[in-house]
Amino acid sequence: MKKQVQLENIMFKKLIYKYQRLRLNWLKHYFETPYDKTNKEHETFLMKLWSSVYPDQELTSRVSEQWKLLGFQGTDPATDFRGMGLLGLKQLLYFAEAHTEEFRKIVFEQASRQGEKEYPVAVAGINLSRMLCDLFTVDKEVVDENGMGKIFPILFDHNSAFDEIYCSTFKLLDFTWDEMQASYLDFPLVIATVKKQVSDVLAQQPATIASFNRGIAFKSKSSLADLEEEDPCDPKPIKVLKSKTLQEAISWVKVNKIDAMKEGALFIDYKPPDKMKKDLPRAIFYKLNDAATEILFSVCDGVIPTDFTSSIKLSDCKEVLIGAAAPMFNKTKKADEHIASLFFSLILKDGNSADFLCSSRDHLINWADGLKLLIGHKVELPETIDTIRVLYEAEIETKLIDLEGLAIPNDPPPIPPPPPHLHFYYKDTHEPIAILRARSRSLFKGQSDQSASQATSFPQSLLPFTTSTTTAAAASHSPTFVTSSNTHSSNIIETQVQAHTPVTAPAPA
């Protein structure tokens with residue numbers, strides 16, 4: 001079906017559009033069906049939504065303040081569905097059941113916030129349903145003079161394509177809310193921003209859910225775990241390709257950071273204020289050795305040292321703690337924000353730590369995350385994650401560009417059966433020529449034709465010349481050479497061989 005959508009036949013396109021309209025009409029049916037508290041099916045959907053997010057917490061009553069934990073405005077969710085009917089509830093339920101962990105994470109994060117920095121999750125979801133209905137013309141069909149409207153190839157990629165688009169858009173909204181540091185009064189602006197971005201991606205006519213996600217999610221990867229998360233819509237080969245490509249991107253970043261650490265950098269020998277001496281803090285030069293197994297360091301007195309007095313083996317390192325998480329700040333009531341933003345500690349297996357106060361943000365990025373990669377831990381600084389994301393997504397776009405809209409099976413094609421026998425023959429056209437040259441030289445040295453044939457051990461039927469034992473008829477068509485020396489005769493024969501002309505060798509003298 002995905003291939004057929006791209007056909008140019010106008011009659012066939014009309015049929016495709018009609019089929020698309022039938023699918024959208026189902027959505028329109030749910031959109032126009034008001035939520036009914038007396039309908040057992042409707043109430044079952046609502047209870048499933050609650051239990052999907054809070055499986056271990058029961059509702060105290062049907063009308064309860066607990067509904068506000070899910071982001072409803074009041075104690076009875078039925079009042080919030082008046083604008084979208086049953087479709088608003090069904091899409092919330094789809095997100096909660098198909099992407100449970102992601103939906104829970106959003107709900108729990110917003111429920112934990114206090115003040116104006118939170119947004120009502122359920123209400124936001126209902127608004128997104130309304131927005132997508134407008135973009136896909138669910139409730140209002142728009143057609144041209146031929147009676148045909150816009151075809152959305154993406155709707156044919158997945159049985160629940162509209163709901164999957166909803167889930168991706170919801171995650172985009174959650175990311176945009178945090179990026180804009182929005183408050184409750186900014187909610188209309190956030191919705192408008194998300195709608196513009198989704199509309200721009202849909203205008204590019206994405207053929208798959210995966211391509212739609214790539215279009216809207218290039219800004220929404222805030223951690224390495226987000227990049228590693230598999231898209232359930234991807235077939236197994238694509239998941240393997242993405243995983244391999246991500247590891248390649250991480251390897252590229254690791255090599256870059258190792259190179260930076262090998263060049264070395266100056267760090268400040270920082271001490272807490274209560275332990276600071278009157279003297280200015282010392283500068284220490286740290287450098288990764290060529291084998292990337294040790295950190296070499298020495299005090300810097302204005303000149304970059306070439307001989308290092310101390311070292312730390314990476315095999316003795318346990319973890320890297322960045323910023324206020326470093327143990328030095330555990331003893332202070334409040335960490336200095338500027339110091340913490342440039343600080344990290346290398347925790348050793350014996351319980352000690354090496355503390356690093358970087359002279360710049362770039363040094364922190366290269367060293368803190370570089371050391372994390374060297375000891376086998378995941379990076380966490382946003383600048384490093386963004387670099388990995390850019391490399392990963394650019395490489396994925398390149399590798400998948402020829403697969404757009406193609407259905408990829410989960411399993412590889414079957415291996416064909418072996419051939420009936422293994423008797424193969426390869427005729428090397430250069431070998432007979434080499435044999436001919438050797439044989440011609442042997443003839444002029446006085447060897448018999450028979451002995452030369454035995455010396456070559458090559459089938460006579462395959463030799464590209466006629467011997468002296470050939471029939472008279474064959475010999476009559478062969479050229480005769482009159483030469484003054486053996487060397488000259490040999491050269492003539494070699495010339496004839498290069499021209500692939502059958503040659504009759506003269507009898508030996």
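How many helices and strands are there in the protein chain? The predicted model holds 18 helices and seven strands. The protein chain has 509 residues, and 43% of them count as buried. About 28,800 Å² of the chain is exposed. Carbon and sulfur atoms supply 54% of that area. Contacts between residues at least 6 apart in sequence were also examined. Of these, 61% join residues at least 24 apart.

The strands form an open sheet of seven, with antiparallel pairing. Their order is β4-β3-β2-β1-β7-β6-β5. The edge strands are β4, residues 310-313, and β5. Each of these two pairs on one side only. From one strand to the next, the twist averages 35°. Helix α13, residues 361-374, lies across β1, β2, β3, β5, β6 and β7. The helix runs at about 150° to β5.

Pairing was followed strand by strand. Strand β3 spans residues 294-300 and runs antiparallel to β2, with six bridges joining the two. One registered position is L288, whose bridge partner in β3 is I295. Strand β5, residues 317-322, pairs with β6 in the antiparallel sense over five bridges. Here C317 has L348 of β6 as its bridge partner. Strand β7 covers residues 353-358 and pairs with β6, again in the antiparallel sense, over five bridges. In this pair S345 stands opposite D355 of β7. The hairpin of β6 and β7 has four residues between the strands. Within the hairpin, G351 takes a positive phi near 100°.

Strand β6 is mostly covered. The strand runs from residue 343 to residue 348, and six of its six residues are buried. Cover is found on both faces. On one side lie F343, S345 and I347, all buried. On the other side lie F344, L346 and L348, which are buried too. Thus S345, the residue opposite D355, belongs to the face that also carries F343 and I347. L348, the bridge partner of C317, belongs to the face with F344 and L346.

Two cysteines of the sheet were examined for exposure. C317 has a relative accessible area of 6%, so it counts as buried. C358 is at 2% relative accessibility and therefore also counts as buried. A disulfide is a covalent bond between the sulfur atoms of two cysteines. The structure holds zero disulfides.

Two acidic residues have side-chain polar contacts with arginines. D269 is placed in the loop between β1, residues 265-268, and β2, residues 283-288. Its relative accessible area is 17%. This value is under the 20% limit, so D269 is buried. The side chains of D269 and R282 are joined by a polar contact of 2.8 Å. Residues up to four places away in sequence aside, D269 touches P281, R282 and I284. R282 therefore appears both in the polar contact and in the contact list of D269, a residue that is buried.

E43 sits in helix α3, residues 40-53. With a relative accessible area of 16%, E43 is buried. A polar contact of 2.7 Å joins its side chain to that of R62. With neighbours within four places in sequence left aside, E43 is in contact with Y35, K37 and R62.

Backbone geometry was also examined at two glutamines outside the sheet. Q181 has a positive phi of about 50° although it is not a glycine. Q181 lies in the loop between α7, residues 161-179, and α8, residues 187-203. Its relative accessible area is 61%, so Q181 is exposed. Q205 has a phi near 55°, a positive value in a residue other than glycine. Q205 lies in the loop between α8 and α9, the latter spanning residues 209-216. Is Q205 buried, exposed or partly exposed? Q205 is partly exposed, because its relative accessible area is 33%.

Methods:
Residues are numbered from 1 along each chain as its sequence is written. This is a predicted model: local features need pLDDT of at least 70, side-chain atom pairs count only at pLDDT 80 or more; totals for chains, interfaces and linings use all residues. Side-chain values use heavy atoms; hydrogens and water are left out. Buried means under 20% relative accessible area, exposed over 50%, partly exposed in between (1.4 Å probe, protein chains only). A polar contact is a pair of N or O atoms within 3.5 Å; within protein, one must be able to donate a hydrogen and the other to accept it, and residues adjacent in sequence count only if both atoms are side-chain atoms. Contact means heavy atoms within 4.5 Å. Two strands pair if DSSP finds at least two bridges between them. A disulfide is a pair of cysteine sulfur atoms within 2.5 Å. Accessible areas come from the Shrake-Rupley method with a 1.4 Å probe; for residues, only the protein chains shown count as cover. Axes are lines fitted to C-alpha atoms, for helices over the stretch in contact, and angles run from 0 to 180 degrees between N-to-C directions.
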